[in-house]
Amino acid sequence: MLRNVICVAAGKGGVGKTSIAANLAGLAALSGWKTLLVDLDPQGNLCDELGTLDDERYDDGNSLLTSVLTGAAATVMADVRPGLDLVPAGERTKDLRGHFTLNPVAGNLLRLRYALGQLAGGYDLVICDTPPATDQLVKATLAASRFLLLATRGDGGSTRGLRHTATVYEEVVVEGLNPELEVLGIVRFGFAPAHTARLRNARARIEGVLGGIPIPVFDTFIRDAPRTADDVRDRGQLAFEYAEAAAQAPAFYQALRDGTPAAQFGSNADQLALDYLNLWTEVRDRYLHRRAELDREAS
Ligand SMILES: Nc1ncnc2c1ncn2[C@@H]1O[C@H](COP(=O)(O)OP(=O)(O)OP(=O)(O)O)[C@@H](O)[C@H]1O
Ligand SMILES: [Mg+2]
């Protein structure tokens, strides 16, 4: 278990894991934390999110695979943003999953912890993004993490996904792979701010599903903003970068006057960026609080 590693997981696809991982890491780096993002999803969406797919250092996840297989330290894509490094994923991450699936014994799964351990010491925070699955690759990632951050859209499918991830969480703890893993909290993703009843119900449903495990639901939720989110990803920007670009774009009348095409930005760019800022503030505070408690217990 690595003290500064947070894994974002959900079991279900499309519930905001990658958006949450990228935006939290981006805001951590912006506030001066040396941060590493590790993509463990063969879809490689984090590179899309950060606009780094065309970066010549992009390696399809080869470096992390090699690190797990040989014990050599993985190479990171340094400074994809100031203070933010990235370990990318892609086709070779499928081989990594295959490697764990073929031999899912503790000694093998823990090779990922060893690989990440060689990097984690150089960072204030490491955030891992995971695929929409509850397979051995996710199990190995949970075995390497100190904290788990769950995401849900609050519907039946995502709640079942949470339950499946909770099962892997319990396996990892009970089997002794990582007894210290703890859930930092659950993020509600893709909700309309006006839907207070739906938000409340989602909280109740989550608490019901996860029964025995006391898991805090973050007060901040990420609003439903599909068009803005698509545009953000197309541009390879984080939400705050997009909001900043929107604020600096000339008004349409200025563009008309200049004879240049007017840039179109989603009208809720600011609110979406603020949602992530509020979420980061909550996650950061809870993370620092738990770290301080754990350090006190250990001393
Ligand atoms: N605030 C938002 N509101 C609505 N849709 C969003 C929002 N942010 C992102 N999306 C869209 O939701 C989809 C899923 O988001 P994301 O990729 O972050 O989820 P995921 O859980 O990582 O998905 P996967 O399981 O495929 O890895 C994407 O198409 C993304 O553009
Ligand atoms: Mg994803």
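Phe 252 counts as exposed because its relative accessibility is 57%, which is over the 50% cut-off for that class. The structure is a predicted model, and Phe 252 belongs in it to helix α11, which covers residues 252-258. Phe 252 also takes part in a nonpolar surface patch and in the lining of the second largest pocket, and the points below take up these two settings before turning to the largest pocket.

**Surface patch**
- Together with Tyr 253 and Leu 256, Phe 252 makes a nonpolar patch of about 390 Å² on the surface.

**Second largest pocket**
- The volume of the second largest pocket is about 150 Å³, and its lining is formed by Ala 246, Ala 249, Pro 250, Ala 251 and Phe 252, along with Ala 262, Ala 263, Gln 264, Phe 265 and Gly 266.
- Sorted by class, this lining holds 8 nonpolar and 2 polar residues, and no charged residues.

**Largest pocket**
- The largest pocket encloses about 480 Å³ of space and has 29 lining residues, among which Gly 16, Ser 19, Arg 153, Phe 189 and Arg 233 lie nearest to its centre.
- At least two lining residues come from each of the helices α1 (17-30), α2 (45-50), α9 (226-234) and α12 (269-298), and likewise from each of the strands β7 (182-191) and β8 (217-223).
- Helix α9 makes the greatest contribution to the lining of the largest pocket, supplying 5 residues.
- In terms of class, the lining of the largest pocket is made up of 11 nonpolar, 10 polar and 8 charged residues, whereas the lining of the second largest pocket has no charged residues.

How values were computed: Residues are numbered from 1 along each chain as its sequence is written. Chains are lettered from A and ligands numbered from 1 in the order in which they are written. This is a predicted model: local features need pLDDT of at least 70, side-chain atom pairs count only at pLDDT 80 or more; totals for chains, interfaces and linings use all residues. Side-chain values use heavy atoms; hydrogens and water are left out. On a 1 Å grid over the protein atoms alone, a cavity is a set of points where a 1.4 Å probe fits but cannot get out, and a pocket is an open set with protein on both sides within 12 Å along at least five of seven lines; lining residues have an atom within 4 Å of a point. Grid points are joined across faces, edges and corners, and a volume is the space filled by probe spheres set on the points. Helices (H or I, at least four residues) and strands (E, at least two) are DSSP runs, numbered from the N terminus. Ala, Val, Leu, Ile, Met, Phe, Trp, Tyr, Cys and Pro count as nonpolar, Asp, Glu, Lys and Arg as charged, and the others, Gly among them, as polar. Patches are made of residues with over 30% relative accessible area and no salt bridge: like charges are joined within 9 Å, nonpolar side chains (Val, Leu, Ile, Met, Phe, Trp, Tyr) within 5 Å. Accessible areas come from the Shrake-Rupley method with a 1.4 Å probe; for residues, only the protein chains shown count as cover. A salt bridge is a side-chain nitrogen of Lys or Arg within 4 Å of a carboxyl oxygen of Asp or Glu. Buried means under 20% relative accessible area, exposed over 50%, partly exposed in between (1.4 Å probe, protein chains only).
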